[in-house]
Amino acid sequence: MTADVVPLPRRRPTLDPMLALTAHGMNAVNAVILERMQSDIPLIPRLAGHLISGGGKRLRPMLTLAGAELVGYQGARHHKLAAAVEFIHTATLLHDDVVDGSELRRGKAAANIIFGNPATVLVGDFLFSRAFELMTEDGSLKVLKILSGASAIIAEGEVSQLTAQRQIETSEERYLQIIGAKTAALFAAASRIGAVVAECGEREEQALDDYGRNLGVAFQLVDDAIDYDSDAAEMGKDQGDDFREGKMTLPVIFAYARGTPEERKFWQAAIAGHRTSDDDLAEAIALIGKYDAVEATRDRARHFAARAVDAISIFPDGKARAAMAEAAHFAVARGY
């Protein structure tokens with residue numbers, strides 16, 4: 001493929017151009033989110049609001065707005081759809097925290113710790129239902145197919161990750177398939193529907209889908225790296241969560257593949273759940289550092305970010321394309 005690739009900015013990339021590009025639209029999206037998370041059952045808005053107002057980047061709904069801006073859409077349908085995307089994402093986070101037994105989310109106590117597992121799961125279900133209400137109100141079967149399909153793929157990805165948990169022989173290929181489903185599918189759908197509401201052709205739709213999918217993989221790979229490269233204050237979660245849960249993320253896959261037989265025995269015991277102390281975590285971090293596994297993971301993320309930028313090179317240069325390109329670079333450069 002030949003493409004006019006947007007060069008990496010000389011300064012440290014930020015989300016500021018994306019935030020500026022989507023600021024007006026995000027005001028409308030946030031109004032929809034606030035309205036639709038309400039219920040006559042007080043616990044529902046309390047629990048949903050705990051996470052929704054918890055300082056997340058709202059990157060997925062921003063992708064819907066940015067994609068619409070990139071293709072010149074002038075309407076307002078994408079506001080409700082971007083809210084639906086955020087509800088799907090929030091619902092999966094609530095369910096994930098229950099499955100993982102997480103104690104922190106975005107630097108605060110996770111909803112399941114405050115409200116309990118049953119309420120957290122049920123409010124996640126409520127948010128999924130609200131998302132589908134918003135989709136059906138839009139009236140487009142194509143939009144409904146894209147977002148409902150992404151929801152099913154996310155669930156499959158989460159189940160696939162669960163079955164790979166504590167499986168030391170998980171390959172890089174298998175892991176990329178898992179995160180392609182559990183993370184990248186929603187990034188792709190969120191990006192694509194901007195072109196759908198603008199009634200663009202298949203070429204434009206696929207370009208935005210490819211952008212979101214590659215961005216999603218890069219974003220998740222950096223999350224994997226951060227778990228072994230940052231402290232809890234930066235991450236907004238406990239350092240070593242992935243390690244203690246026996247998750248075979250890419251830094252571990254690299255360190256295990258490159259390790260000595262003795263080091264492999266450590267990883268086998270750790271991933272099986274027999275080496276989970278703070279000292280064991282420190283040893284894991286040391287081994288990951290020894291084999292530059294975090295940097296190798298970020299290198300993979302850079303590859304996918306470059307593919308994301310390349311995907312949108314079919315569109316004219318301008319503020320929207322530049323902001324989306326910088327968002328891809330930010331996804332790799334961030335430390336949180």
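**Exercise 1.** At what angle do α3 and helix α16 pack, and how far apart are their axes? Then list the residues that make the contact and sort them by class.

*Solution.* Some ground rules come before the steps. This is a predicted model, in which local features need pLDDT of at least 70, side-chain atom pairs count only at pLDDT 80 or more, and totals for chains, interfaces and linings use all residues. Residues are numbered from 1 along each chain as its sequence is written, and side-chain values use heavy atoms, with hydrogens and water left out.

Step 1. Find the helices: α16 covers residues 319-333, and α3 covers residues 59-70. Helices (H or I, at least four residues) are DSSP runs, numbered from the N terminus.

Step 2. Read the geometry. α3 and α16 pack at an angle of about 145°, and their axes are 8 Å apart. Axes are lines fitted to C-alpha atoms, for helices over the stretch in contact, and angles run from 0 to 180 degrees between N-to-C directions.

Step 3. Give the hand. The crossing of α3 and α16 is left-handed, a word used if the near helix is turned anticlockwise from the far one by less than a right angle (right-handed if clockwise).

Step 4. List the contact (heavy atoms within 4.5 Å). From α3 come Ala66, Gly67, Glu69 and Leu70, and from α16 come Ala320, Arg321 and Met324.

Step 5. Sort by class. The contact of α3 with α16 has four nonpolar, one polar and two charged residues. Here Ala, Val, Leu, Ile, Met, Phe, Trp, Tyr, Cys and Pro count as nonpolar, Asp, Glu, Lys and Arg as charged, and the others, Gly among them, as polar.

**Exercise 2.** Describe how α1 and α3 are oriented to each other, and which residues meet.

*Solution.* Step 1. Helix α1 spans residues 16-36, and its axis comes within 9 Å of that of α3, crossing at roughly 110°.

Step 2. α1 and α3 are therefore roughly perpendicular to each other. The cut-offs are under 35 degrees for roughly parallel, over 145 for roughly antiparallel, 65 to 115 for roughly perpendicular, and oblique for the rest.

Step 3. On the α1 side are Met18, Leu19, Leu21, Thr22, Gly25, Met26 and Val29, which meet Pro61, Met62, Leu63, Leu65, Ala66 and Glu69 in α3. By class, this contact of α1 with α3 has 10 nonpolar, two polar and one charged residues.

Step 4. Relate this to helix geometry. An α-helix has 3.6 residues a turn, so residues three or four places apart point the same way.

**Exercise 3.** Which residues of α12 are buried, and what covers them?

*Solution.* Step 1. Helix α12 is made of residues 250-258. Its buried residues are Leu250, Pro251, Val252, Ile253, Phe254, Ala255 and Tyr256. Buried means under 20% relative accessible area, exposed over 50%, and partly exposed in between (1.4 Å probe, protein chains only).

Step 2. Seven of the nine residues of α12 are buried, so this helix is largely enclosed by the rest of the structure.

Step 3. The cover includes α8 (172-197), α9 (202-226), α13, α14 (278-290) and α15 (293-311).

Step 4. Take α13 (residues 261-271) from that cover: the axes of α12 and α13 come within 8 Å and cross at roughly 145°, and the crossing is left-handed. Val252, Ala255, Tyr256 and Ala257 in α12 meet Arg264, Trp267, Gln268 and Ile271 in α13. By class, the contact of α12 with α13 has six nonpolar, one polar and one charged residues.

**Exercise 4.** For Phe126 and Asp96, state the helix, the accessibility and the contacts.

*Solution.* Step 1. Phe126 lies in helix α6 (residues 117-138) and counts as buried at 17% relative accessibility. Leaving aside neighbours within four places in sequence, Phe126 is in contact with Arg36, Met37, Gln38, Ser39 and Ile44. Phe126 and Met37 are 89 residues apart along the chain, and their C-alpha atoms are separated by 8.6 Å.

Step 2. Asp96 lies in helix α4 (residues 77-100) and counts as buried at 16% relative accessibility. Not counting residues up to four places away in sequence, Asp96 touches Arg105 and Glu158.

**Exercise 5.** Is Glu199 buried or exposed, and where is it found?

*Solution.* Step 1. Glu199 is found in the loop between α8 and α9.

Step 2. With a relative accessible area of 70%, Glu199 is exposed.

Step 3. Its phi is near 60°, a positive value in a residue other than glycine.

Terms used
Helix = DSSP H or I, 4+ residues; strand = E, 2+ residues; numbered from the N terminus.
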